[in-house]
Amino acid sequence: MMTMVFTVDEINRNSSLLPGVKLGYRIMDSCDHIHSSLQGLLSLISHSKAVNTETEKTAEIKGKEMNTRQSSTCLYYSPVPAVIGLASSSPTRAVAQTLGPFKIPLVSYFATCTCLSDKNLYPSFLRTVPSDLFQVRGLVQLVSYFGWFWVGTVGTPDDYSLYGIQAFSTQFIEQGGCVAFHLTIPTSPTVAEIQEMADKLQSSTAHVVVVFATEGQLLNLFLEGTLGFSFPGVTIPGLKEFFLNVRPSPKPGMEFINMFWEDHFGCKLDFTYNTGSQSNSGHMVGLTPVCTGLEYLTYTESSYSDVSRVTIAYNVYKAVYAIAHALHTFLNCDSAGPNKGLCEKHNSFANGQFLHHLKMVNFTNQFDERVYFDSSGEPVPLYDIINWQKDSKDEMRFIKVGSYDGSAPHGQQLQIMKNTIVWTKGESQVPVSQCNAPCPPGSRQATRRGEPKCCFDCLPCADGEISNQTGSTECTKCPEYYWSDKEKVKCIAGSEEFLSFYDTMGIILVVLTLLGFILTTIITIVFHSFRYTPIVKANNSEISFLLLLSLKLCFLCSLVFIGQPSWWTCRLRQAAFGISFVLCLSCLLVKTIVVLLAFRTNVPGSRGRKLFGSSQQRILIICTTAPQIFVCTGCVLGAPPFPFRNPNYQASTGKIVVECKEPWPPGFYLLLGYIGLLAFACLLLAFIGRKLPDTFNEAKFITFSMLIFWAVWISFIPAYVSSPGKLSVAVEIFAILASSFGLLLCIFVPKCYIILLHPERNIKKGMTGKYPR
């Protein structure tokens, strides 16, 4: 209030602003209540007498809002041009709504509620303090900057607090935060109510509280460590001296000053005891010392005399100057005419003409700050961020630790000097306020049922998914052919898996393959060395050598399945497997037929051999092998297998299986089906001739070999289908080797046993069972 008085006097002494016009004012106390505010307003606008600045200066110490009418001696009976005030938002809304229809400007210096930005409800309202909209944005950025996403809110039962907390909560939740609790400070709280609120604050897991209230309402709850948004302060020249020269007076209108004086010095004013320059504090009125009003404010300390950097009062200072500049324009004080150098005389401020000029105010004051109102009647949103700290005398001081500029680009609005902040209990470490600590990389946050989203459990990412940031709410699936590392924080190229020559399993299979091939070669050499003996000649030695050749091919074809699949191995492997096995079974089929014709026909042996001689045997082998050759050729040419990186097993093994993909799976099953058909024919014919009266009955050994063959390949089908990755290839190789060894051992090893160990049985009679035992 005293800053407003000082500013009016300063303007009246300024010959370049409003020349020829003197501003006047009238001060009313709103008592921070809607009813008192409206009552004061009606008294103000109905007052018809201008008030001289030198004869009526009133002050208030208990009331925090004021309504100020600016007038001038030349506007003696004119209506009120403007009102400055109020401080609280709730009374301001009532007064602004009342003045709106009359287009009388109301300029507030401390009413920050966002609700007052509604120009439909409050068309004549302006303010020199930013709206809570910017303060809320700054608060959200501030708590986010320090990582506080679990906070409580405390407010008071007024519009400033209600709208502020509502806006903060909405924006804070949009930024991912959660409000743990809300407390309302009663208008006149009792000790029990304060204690109850303090207990709730201390018992909460939220260690940070966002408050919308004045300092006085918080003294019993917060002290040191608090951060707050304040308005930039300035040092106004001459203001402190003006304050210190104020003296109480028995004149009307000085009641506020007199109340302040008695409260400050703890005395009772009695102007009848005035003795010049001496204080009469020795006199007593009852139990209270008497003071005369001549005491010195210079030697005392109070918030009244501490004007080193005024903040809220500076908003009043700007409001008065804004009205003065608007009057300067409205009264054509710069016009060149008969009244050059003087302002024009106006009898009325009706029809909103002065309001229009006030909205268009735009000037730079002595502190190099540009003063203007935007389309909502509000100034540039500038804030200082202050920290409540205790000095060496254990007294509270406001220390600037940062700033917030709502007009700056996003990301540059908030500036914090973190190292200068003193937190609760004098700590320098930033406090932590979280319902749960953010989940580390490699995990995700899973909200608990029925609880705020800030309360969660940390679940590790699934295989093939990652989260590389702290506090991730979702895990990201790795791209195809990529896989998560052990920590689940990055995707790495999936390791390729195939049956390698260097794997333990691959080495074992290669050894078995070579063993089978070498064993077959040895048997071939033995048979070739004894090719003229009866046991070799007994059943067409040519077919036996062809059978041994086909078994070599069966062993060797398994090598094509080992190693990384390529363009040529994918085309070769199934064709080599299918043709070599069909050739082998065709030879066995011929051998079985020869045995049956030799012993199961009613014609002499020579007749049977003529019916199914060497030529017929070769033709049968060619005829039974040709269909498989056609099938394999058709598959290779029409739908050739190709190398394929199969990611289906990444979920279980974390590896990409490189395999040969069959574009037309029926071709593979047709190939297996034909092999099965020949094997069944061999088994059936061999089973029929198993009891023929031959001492060395080859049909019996063929039966055993076919039983092994069928056992192996019947087991192969389910094992092949259910084996993942390279195991399916290993199963197929094992089936090839097992069936090949079965044929080799059952058919040729017994003959080699006779040839090498019992040569006495390798005679013609030995073949018919007529050799001596």
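# Close-up views of a predicted model

Residues 24 or more positions apart make up 66% of the contacts in the protein with a separation of 6 or more. Keep in mind that this is a predicted model.

**Figure 1. The whole protein, with its 22 helices and 28 strands.** Here's the overview before we zoom in. The protein has 773 residues, and 48% of them count as buried. It exposes about 38200 Å², with carbon and sulfur atoms supplying 59% of that.

**Figure 2. Helices H2 and H3 cross at roughly 35 degrees.** We start with a pair of helices. The axes of H2 and H3 come within 8 Å, and the crossing is right-handed. On the H2 side, the contact is made by Ile34, Ser37, Leu38 and Leu41. H3 answers with Ser90, Pro91, Ala94, Val95, Thr98 and Leu99. Sort these residues by class and you get seven nonpolar, three polar and no charged.

**Figure 3. A cis peptide bond sits between Gly85 and Leu86.** Most peptide bonds are trans, which makes a cis one worth a look. For the bond joining Gly85 and Leu86, omega is about -10 degrees. To find the spot, look in the loop between strand E5 (83-84) and helix H3 (89-99), where Leu86 lies.

**Figure 4. Leu18 and Cys31 each have a positive phi without being glycine.** Most residues other than glycine have a negative phi. Leu18 has a phi near 55 degrees, and Cys31 has one of about 60 degrees. Both are loop residues: Leu18 lies between helix H1 (2-12) and strand E1 (23-24), while Cys31 lies between strand E2 (27-29) and helix H2 (34-45). How buried or exposed is each of them? Leu18 has a relative accessibility of 2%, so it counts as buried. Cys31 has a relative accessible area of 39%, so it is partly exposed.

**Figure 5. Glu480 sits in a loop between two strands.** The strands on either side are E23 (476-477) and E24 (482-484). With a relative accessible area of 51%, Glu480 is exposed, because the cut-off for that class is over 50%. Now look for Gly494, which is 14 residues away in sequence. The C-alpha atoms of Glu480 and Gly494 are 8.8 Å apart in space.

**Figure 6. Helix H11 packs against helix H21 at an angle of about 50 degrees.** H11 covers residues 504-529 and H21 covers residues 749-757, and their axes are 11 Å apart. That angle makes H11 oblique to H21. The crossing of H11 and H21 is left-handed. From H11, the contact uses Ile523, Val526 and Phe527. From H21 come Lys751, Cys752, Ile755 and Leu756. By class, the contact of H11 with H21 has six nonpolar residues, no polar ones and one charged one.

**Figure 7. Leu547 is a buried residue in helix H13.** H13 runs over residues 541-557. Leu547 has a relative accessible area of 1%, so it counts as buried. Which residues does Leu547 touch, not counting those up to four places away in sequence? Its partners are Cys584, Cys587, Leu588, Lys591, Ile747 and Phe748. You can also look across to Leu743: Leu547 and Leu743 are 196 residues apart in sequence, yet 9.7 Å apart in space, C-alpha to C-alpha.

**Figure 8. Helices H16 and H18 run roughly antiparallel.** H16 spans residues 614-638 and H18 spans residues 665-688. Their axes come within 10 Å and cross at roughly 170 degrees. That angle is why H16 is described as roughly antiparallel to H18. In the contact, H16 brings Cys623, Thr624, Pro627, Gln628, Val631, Cys632 and Cys635. They meet Gly667, Leu670, Leu671, Tyr674, Ile675 and Leu678 of H18. The class count for the contact of H16 with H18 is ten nonpolar, three polar and no charged residues.

**Figure 9. Leu727 in helix H20 pairs up in space with Phe498.** H20 covers residues 726-747. Leu727 has a relative accessible area of 36%, so it is partly exposed. Along the chain, Leu727 and Phe498 are 229 residues apart. In space, 8.8 Å separates their C-alpha atoms.

Technical notes:
Residues are numbered from 1 along each chain as its sequence is written. This is a predicted model: local features need pLDDT of at least 70, side-chain atom pairs count only at pLDDT 80 or more; totals for chains, interfaces and linings use all residues. Side-chain values use heavy atoms; hydrogens and water are left out. Axes are lines fitted to C-alpha atoms, for helices over the stretch in contact, and angles run from 0 to 180 degrees between N-to-C directions. Helices (H or I, at least four residues) and strands (E, at least two) are DSSP runs, numbered from the N terminus. Angles under 35 degrees count as roughly parallel, over 145 as roughly antiparallel, 65 to 115 as roughly perpendicular and the rest as oblique. A crossing is left-handed if the near helix is turned anticlockwise from the far one by less than a right angle, and right-handed if clockwise. Contact means heavy atoms within 4.5 Å. Ala, Val, Leu, Ile, Met, Phe, Trp, Tyr, Cys and Pro count as nonpolar, Asp, Glu, Lys and Arg as charged, and the others, Gly among them, as polar. Buried means under 20% relative accessible area, exposed over 50%, partly exposed in between (1.4 Å probe, protein chains only). Accessible areas come from the Shrake-Rupley method with a 1.4 Å probe; for residues, only the protein chains shown count as cover.
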